[in-house]
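Biologist: I have a model to go through before I plan any bench work. Could we take it point by point?

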Amino acid sequence: MTAEELEAGLAAELAADGESVTEALDKWSVRTPMRVFIHYGEHGLDLSYAEAKRATDTIAGNLARAGIRRGDRVAVHCRSAYAAALWMFGIWKAGAVYCPLDADAIGDLLVEQLEATQPLLVVTERALVHTLETVRPHLNRLPRLTVHDAVGPRPPHGYPEIAYANFLARAVPPAVTIDPGDIGMIVHTAGVTGRPKAALLAHRWLASYTLLLRRLTTPEDVLHVDLPLHSVQGAFAGLARAAWAGAGVSLWDRFHPVDFWRRVASAGATGAVLTETMVGWLAGAPERRGERNNPLSTVLMQPLPPTHHAFARRFGIDTVVAGYGQVETGLPIAAVLVGLDPSEVTPAPLRRGLTPAAVAKVCARLGVPVIDGARIVRKGCLGAPLPFARVAILDEHDRPVPRGMVGHLAVRPHLPGLLVQEYVDDPLSIAEATRNLWFHTGDAAVLDEEDGLLHFVDRVVDRIRIRGENVSAYHIEDLVNQHPDIAVGAVFGVPADRDDEDEVVLYAEPEPGRALDPDELRAWCAQSLPAYMRPEHVRIVARMPRTPNGRVEKYRLRRHFLGLADRPGPAVRGVAVPAAAPMPAARPALAPALSPVRSALPPSLPPGTRR
């Protein structure tokens, strides 16, 4: 097969059911108009495919009336998954760029996300208006604001506002044709190779990221989605995948380990996305009689935990999809794990969707290995490359390493638009990542000599595992180092007692002549950092170990913290911490955000319900 024939075949595969998810949504609104697309569990609301089309058409039409044009950026800053879902599709129908913001971001982190995306409009909610107002003085350009649950009191703010009522009256979407190469979204990376980056992703990226998952999904399926919609797993592996397949979605604002199985059973959910942390929480619950008597049959686990097979056996999961995924690359590597006894699988009265034989047929066509889950006992199994990209393990000179040797995982796409197109205002980083025609993922991996599968080893650089996600130590350091009394701060992770999580450790060296108190530093972090970034351990030292060129030797700090032997000489020079006056915040205007507030009121009516 020639390169041209390969590219043509891959492009046809992606276009088979439309490379734009909004095209698929509209298709199902005609084929199955009354089928429930979204069941919003938080308030018991059901939205059919026909209603979802009308609502998202109305959002798109009113965005056009508000002056939003093709390629303009619209940010969604909501904890309400229901509101975020409708706006995501509506933004795409307007030809605009979907820019999800982390609803838990505060202070400088939120400033960075807003400055990177430069949205013309931010869709938010009452409980988050105060958070946006605290960062307003630090923005170079103010976006317009609209508040989707605008009924009721909300904090005052200084943003120009568009009344949400303007988005409720019926409107016709603009005549926009989406090209696969158009930028569809700006998603923020975890920043494990440095500062988090704003990644520009094309619509074709979304089509390829979801392809395997939607090929394993049928209109009979219902996907349980409780991950936030600023994440690729919640918004794309869950919600967008369902719209492409004509399936239903049981949508929730947050994961709840105690209530998870009740939610699954009540919605008849057949599929879900589980992070490693979520698997740990669910597996840690006491065993109950009849646990296998649930409809959940297919689960995407990223990353794949070593307990995956025990989890599948305990809860009767027929199919576990493993894979390698990140914002920049989508899902270029995958495997499907099966192998349960007949007594362990989803009970026949509850089974919907593909049979195991049909799953195997899909996998054979896409070149995805189907493996007995009991064989995969080591952590980090990724699978084999999907047909859209070439994958290699490279040395420091970008030469392939022998099988069994650890190297840098790199990806080279066969079609344009499959990888990140650029990082906002960071041309040097994208140039470094794509050197020698390879995209360097920042992960170390190995091609196993025995099973022939790719396995994740570790990050090439520091990373901290929190809530099943990679968090950048560099980014936490950058925020901490804004404290006026810190000369240098060093952050790293150490294994926590729970699951496969890490705890954040901060070593801080004070400015000469300044005093630092650990408790007051913790209080400052609580004001300035999101909860998941706050250090659980704080150490104040007079001098940190450094290399000859002045770089902090973190590995020695880690050994010092863990009480391990070090080379001759102290790893750090300690310091007595005198009582100190309360420390001012580095940026007083960035006041702490309000505690998360969940409205007791249901969300506003879907756009398009007013005539």
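Biologist: In which loop is the place of D398?

Modeller: This is a predicted model, so what follows describes a prediction. Two strands flank D398: β17, residues 389–394, and β18, residues 407–413. The place of D398 is in the loop between β17 and β18.

Biologist: Is D398 buried or exposed?

Modeller: Buried means under 20% relative accessible area. D398 has a relative accessible area of 11%, so D398 is buried.

Biologist: What is the phi of D398?

Modeller: Most residues other than glycine have a negative phi. D398 is not a glycine, yet its phi is positive. The value is about 65 degrees.

Biologist: Q118 also has a positive phi. Where is Q118, and is it buried, partly exposed or exposed?

Modeller: Phi of Q118 is near 50 degrees, and Q118 is a residue other than glycine. It is in the loop between α5 (107–117) and β5 (121–124). Partly exposed covers the range between under 20% and over 50%. The relative accessibility of Q118 is 26%, so Q118 counts as partly exposed.

Biologist: Which peptide bond is cis?

Modeller: Most peptide bonds are trans. Here a bond leading into P303 has omega near -10 degrees. P303 is in the loop between β12 (298–301) and α11 (308–315). The cis bond is the one from Q302 to P303.

Biologist: Which helix gives the largest share of the largest nonpolar core?

Modeller: That core has 129 residues, and F37, L63, W87 and F236 touch the most other members. One helix, residues 81–93, supplies 10 residues of this core, its largest share. That helix is α4.

Biologist: How many residues are in the other core that lies apart from it?

Modeller: Among the members of this other core are C99, L101, A198 and L200. It lies apart from the largest core. Its count is 41 residues.

Biologist: Which residues does F236 touch?

Modeller: Residues up to four places away in sequence are not counted. The contacts that remain include W92, W205 and Y209, and also M88, Y98, M185, V187, L206, T210, S231 and R241.

Biologist: What percentage of the residues of the protein count as buried?

Modeller: The protein has 16 helices and 27 strands. Among contacts between residues at least 6 apart in sequence, 71% join residues at least 24 apart. About 24800 Å² is exposed, with carbon and sulfur atoms supplying 54% of it. Of the 611 residues, the share that count as buried is 57%.

Notes. Residues numbered from 1 in each chain as written. Predicted model: local features only at pLDDT ≥ 70, side-chain atom pairs only at ≥ 80, totals over all residues. Heavy atoms only, no water. Helix = DSSP H or I, 4+ residues; strand = E, 2+ residues; numbered from the N terminus. Buried < 20%, exposed > 50% of the residue type's maximum accessible area, 1.4 Å probe, protein only. Core = buried A, V, L, I, M, F, W, Y, C linked by side-chain atoms within 4.5 Å. Contact = heavy atoms within 4.5 Å. Areas by Shrake-Rupley, 256 points an atom, 1.4 Å probe, with all protein chains shown as cover.
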